[in-house]
Amino acid sequence: MNPSGKWTGPGTPLPVRSPQKDAVRPRPGRQGLLLLAGLAAVAVTALLGVAWGSLSIPPATVAAMFWRRAVGEVAAAPWPAVWETVVFDIRLPRVILAALVGGALSQAGAVYQGLFRNPLADPYLIGISSGAGLGATIAIALGLPLRWGGLGAVPLLAFVGALGATTLVYILSRTDGRPSVTTLLLAGVALGAFLSSLTTFLMFHTKDAFQTMHIFGWLMGSFALSNWAKVWMLGPALAVGGALLRAYAHRLNVLQLDDEQAQQLGIPVERTRLVLIVAASLVTATAVAVSGVIGFVGLIVPHAVRLIWGPDHRFLLPMSVLTGAVFMILADGLARSLLSPTELPVGVVTAFCGAPFFLYLLRRQRKYVHS
Amino acid sequence: MIRKASPRSNTLWQPALSPPTDGRIMLEACQVTFSFNGTPVLDKVDLRLEEGKMIGVIGPNGAGKSTLVRLLSRSLTPASGRIWLNGQNLDQWRLSDMARVLTVVPQLPQLPPVFTAWEMVLMGRTPYLGWMGRESEHDRAATRQAMEETKIWHLADRLISQLSGGEQQRVVITRALAQEPQVLLLDEPTAHLDISYQVETLSLIGRLVKERRLAALAIFHDLNLAAQYCDELVLLQQGRVVAQGSPNHVLTPSTLRQVYGIEVAVIPHPHNGLPVVLPVCDSPSR
């Protein structure tokens, strides 16, 4: 029946490879294996990330240290005690946080690109970064003594600012009861410019060089101030948000059609869009709150995954999480070591690696991006 | 207002006041009115879609044909009047339940170019999927069967961006069939197809209407195709039904002159006696 002879029957008919060979469609059975492979890649990269640094610890020793903790061995360790502190109190939370932030931003980017049917969409499109930036700037400039569950004023106010800005954009974009995608984008741009001007004003207003550097560093993103409290803030948010987004992934596929067709396929368009925006924004706001504004990850990782494995969000979303995690651990490793002992903001590394890669994709797949 | 009475339409068109109970009427519109920015688009339209019948909606540009389809598919809400689907008020249906019963083939739909034809047709199974959105073997089988019926199985691996306009139109028709509906609304289903695919597609839809007892409504610009494939025609002009009934009763020179403002000759088709409309052109060369 099938001239290409690739599909033998209705049991195995997911397209294997499109004729122009630009995207391999993994068969359902393969998808699980690929995700497991991705998870293994995250684990290996994380191990290297923990071993990597000014105090170099062999990866095998790091693995042995994890094993010792896992089995609860009490005998004296054959390595210096300071290594334990470096690995478990400094590097491990940092690497895990980098992985979580990379995964969260990549997944949110994939969702926003799908929601807005726009390949240039990224997680910061509707005001999250400028809102978080203003919140963090206020916290730093005023030196607020706010603390909650191991989190300082900066992540707390950044989180509030991110959610507040997104909510405001959403409310502002509602024209006669319905939020339209175009007005959402425009309201995001306008409010973002407004909030950024306030942030810049505060930066100049402080007149304190140290605070200005702190704000500037935060606006480029950094994992230098990672701790377990931040991991415990982002981890559950990513788990819940990720599960919800995965459940809505097929609906997001259908939303690639226009609203009328999606409704005729049984999708309540407005409600579905709202669920997706809320879930993606919560995850993004939490990620930004704990790490600052790290650009380009949410833009390029979903594109790379989509180019390799196709546009099905049921696979694209989880695979973006894993790919983003690997990418961010590596970027943070570079940020730590390139100008050692000085640390670069990780946003510098992601933009430095991400932008050329994006241009490469753009040239290789011009017709794809034009879609 | 001209109302061409035919024996069949007399028995079919009872005053539609209560939802039918015998299940034969799948979709019923009663006194449906819609206006856009104060301009009336549809005015008190009555319509009944019956199992196993195809109704053709014809009329000049701007007569309200597409608006009628959008009202019947709940993309628009009528200003007044009622629409019943399977005896239940249209806006009381859950969207996913409704999508298993009624579907639409839109006119010139925008399709995302990065999906393959297979993936696009498989989306027709959306209303049958569980909360994780995973397709079953049955969903794949129904999709493959629909693609074989419309003869686009060989396009399965192609990306939408690699398909011609006519092929994309057939993909959308196939997606509607994979949805396994009982009511099929088509907005100019053959507008971008050449004559062979027009005939093939309409014959397929006509066969499915008879075999699966579908209730179908299709918008036509081509009066002759409408006459060939529809059991009944509804002629709209400026939002009003001006004639309805069998093709022979609707497609008359006097009615068409009134609605379209042109002279036509109507002759019987040599094979089946159905009306064929020929415009009378005053060509300067004769």
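In which sense, and over how many bridges, do strand 3 and strand 9 of chain B pair? In this predicted model, strand 3 (residues 53-58) and strand 9 (residues 232-237) of chain B are paired in the parallel sense, and four bridges connect them. Within this pair, B:Gly56 is placed opposite B:Leu233, the latter belonging to strand 9 of chain B.

Both strands form part of an open sheet of six strands in chain B, whose order is 6-7-8-3-9-10 and whose pairing is mixed. The edges of the sheet are formed by strand 6 (102-105) and strand 10 (240-245) of chain B, each of which pairs on one side only. With direction ignored, neighbouring strands of the sheet are turned against each other by 15 degrees on average. Helix 2 of chain B, comprising residues 65-72, lies across strand 3, strand 6, strand 7 (183-187), strand 8 (215-219) and strand 9 of chain B, and the helix runs at about 150 degrees to strand 7 of chain B.

Taken as a whole, chain B contains 10 helices and 12 strands. The radius of gyration of chain B is 19 Å, close to the 19 Å that the globule rule gives for 286 residues, so chain B is as compact as a globular protein of that length. The C-alpha trace of chain B spans about 60 × 50 × 40 Å along its principal axes, and buried residues account for 45% of the 286 residues in the chain. Of the contacts in chain B between residues at least 6 apart in sequence, 67% join residues at least 24 apart.

Between the two chains, 32 residues of chain A are in contact with 37 residues of chain B. On the side of chain A that touches chain B, the elements giving two or more residues are helix 9 (249-254), helix 10 (259-264) and helix 15 (366-370) of chain A; helix 9 of chain A gives the most, with five residues. The residues on this side of chain A divide into 15 nonpolar, 12 polar and five charged.

The confidence assigned to chain A varies along its length, as the following values show. The mean pLDDT of chain A is 84, and 89% of its residues score at least 70. Among the elements of chain A, helix 9 has the highest mean pLDDT (95), whereas helix 15 has the lowest (47). Over residues 1-22 of chain A, pLDDT stays under 50, and for this stretch the model has 37 contacts beyond four places in sequence.

Methods
Residues numbered from 1 in each chain as written. Chains lettered and ligands numbered in written order. Predicted model: local features only at pLDDT ≥ 70, side-chain atom pairs only at ≥ 80, totals over all residues. Contact = placed C-beta atoms within 7 Å. Nonpolar A, V, L, I, M, F, W, Y, C, P; charged D, E, K, R; others polar. Pairing = 2+ DSSP bridges. Axes fitted to C-alpha atoms, helices over the stretch in contact; angles between N-to-C directions. Rg over C-alpha atoms; globule rule 2.2 N^0.38 Å. Buried ≥ 20, exposed ≤ 12 C-beta atoms within 10 Å, placed from the backbone. pLDDT = per-residue confidence, 0-100.
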